[in-house]
Every structure is written in C-alpha cells, then in structure tokens.
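Me: I've got a structure here and I keep tripping over the labels people put on its parts. Can you walk me through them?

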Amino acid sequence: FSRQIVVFPLLAVRLSDTDYGTVLTVIGLVNVFVALVGGTLNNIRLIKDTDYLDFKKKGDFLLLCLIGSVLGCFGCVVLGIVFHISPLTTATLIGYLIVSNIYHYAVAYFRLQLNFKRNMVVNILVSLGYIVCCFLFADPQLWPLIFLIGEAIGVVYTAIVAKFYRE
C-alpha cells in the first residue's frame, strides 16, 4: 500500500522519466523473482505445516530460500548489465532481493500462529521503513535501499518475535 501511495509517486517526482521507468521495470522483475522464491516458500510452509508437526520433520526452507536468493543474485547482475545500472545500485538490489525473500518467507510464521496482530504490526513497520527511506534515498543510484531497509525492518521484527531462523 505505502509503495503505491507514497514511494512510487515520490520517486516519480524526484527521478527523471527514464530513471523512473528503469526503477519500475527492474523492481517489477525482482519482485516477480521474490514471489517465485519467498512467496512460494511461504505458501508451502503453510500448506505442509501439519506434515512437519505430525512427523516431527525439520524443513529445509531457509536453505531453499538461500539457494533461490543466490540464483536471484545472478538475475540482478543481468538486470544491472541490461539496464546499465551502476555497481552500487546492483549491489543494493541484490541485498534487497535476499532480504525480501527472507521477509516473504518469514511472515508465514505469523499466519501459522494465526497471529494476525503481529502480521499487521510487521506490515506497518515495513511501510514506515519504506516511507522514511523514500525521503532519504529517492536517488537514481540509491533507490533499492528504500525497499531493502523497509523489508529488513520486517525481517528483524519477525526474527525477534517469531524466531523463524531456528528452523
């Protein structure tokens, strides 16, 4: 919500038309990959939870998230080359992809616990992170930091209250 209402309009004002078009294209492609890795792991974790509990299995979700993120890093490098993105922007985009995959996987724990209050809190924290950061990093080279820091806040909160990293 905050992306569409605050972040993208502010980026549209602060960046050139070409840079803004590149931002929208690149973030859209990265988000497709995040949905494929982090979102899919989130859904599988929810669907298979009873199997893991019934058979006292440990999942390999974090390993799969790591492998998917490493593959996504290559995709970010390709995007950097194709769109002539600076190495700094490419590096922060890689950081965003990794953090976003972890975030999208980790919030499954709130849904498993049916703790919708914590799910709302994490979404508010991420949105506040986006909003604050969009005023600091609305720049042709630093824009991925908006999303990286916003979702890193969500990962930290989730790690503290859900301890998803123990699986």
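**Where the labels come from**

Reply: Sure! Keep in mind that this is a predicted model. The side chain of Asn-42 reaches the backbone oxygen of His-104 at 2.7 Å.

Me: What makes that reach from Asn-42 to His-104 a polar contact?

Reply: The cut-off for such a pair of N or O atoms is 3.5 Å, and Asn-42 gets to the backbone oxygen of His-104 at 2.7 Å. Asn-42 also touches Tyr-105, Val-107, Ala-108 and Arg-111, among others.

Me: Why is Asn-42 called buried?

Reply: Buried means under 20% relative accessible area. Asn-42 has 5%, so it counts as buried. Its place is in helix α2, residues 17-47.

Me: Why is the pair of Phe-8 and Phe-147 called tilted?

Reply: Planes under 30 degrees apart would be stacked and over 60 edge-to-face, with the rest tilted. Here the planes sit at 40°, so the pair is tilted. The ring centres are 5.9 Å apart, and the two residues, in helix α1 and helix α8, are 139 residues apart.

Me: And what makes the pair of Tyr-130 and Phe-147 edge-to-face?

Reply: Their planes are at 70°, which is over 60, so edge-to-face it is. Tyr-130 is in helix α7 and Phe-147 in helix α8, and both are buried. Together with Phe-8, Tyr-96 and Trp-143, they form one aromatic cluster.

Me: Which residues touch the most other members of the largest nonpolar core?

Reply: Those are Leu-11, Val-30, Trp-143, Ile-146 and Phe-147, out of 45 residues. Helix α2 gives the most to this core, with eight residues.

Methods: Residues are numbered from 1 along each chain as its sequence is written. This is a predicted model: local features need pLDDT of at least 70, side-chain atom pairs count only at pLDDT 80 or more; totals for chains, interfaces and linings use all residues. Side-chain values use heavy atoms; hydrogens and water are left out. Helices (H or I, at least four residues) and strands (E, at least two) are DSSP runs, numbered from the N terminus. Buried means under 20% relative accessible area, exposed over 50%, partly exposed in between (1.4 Å probe, protein chains only). A polar contact is a pair of N or O atoms within 3.5 Å; within protein, one must be able to donate a hydrogen and the other to accept it, and residues adjacent in sequence count only if both atoms are side-chain atoms. Contact means heavy atoms within 4.5 Å. A nonpolar core is a set of buried Ala, Val, Leu, Ile, Met, Phe, Trp, Tyr and Cys residues joined through side-chain atoms within 4.5 Å. Rings of Phe, Tyr and Trp (its six-membered ring) pair if their centres lie within 6.5 Å; planes under 30 degrees apart count as stacked, over 60 as edge-to-face and the rest as tilted. Lists of a residue's contacts leave out its neighbours within four places in sequence.
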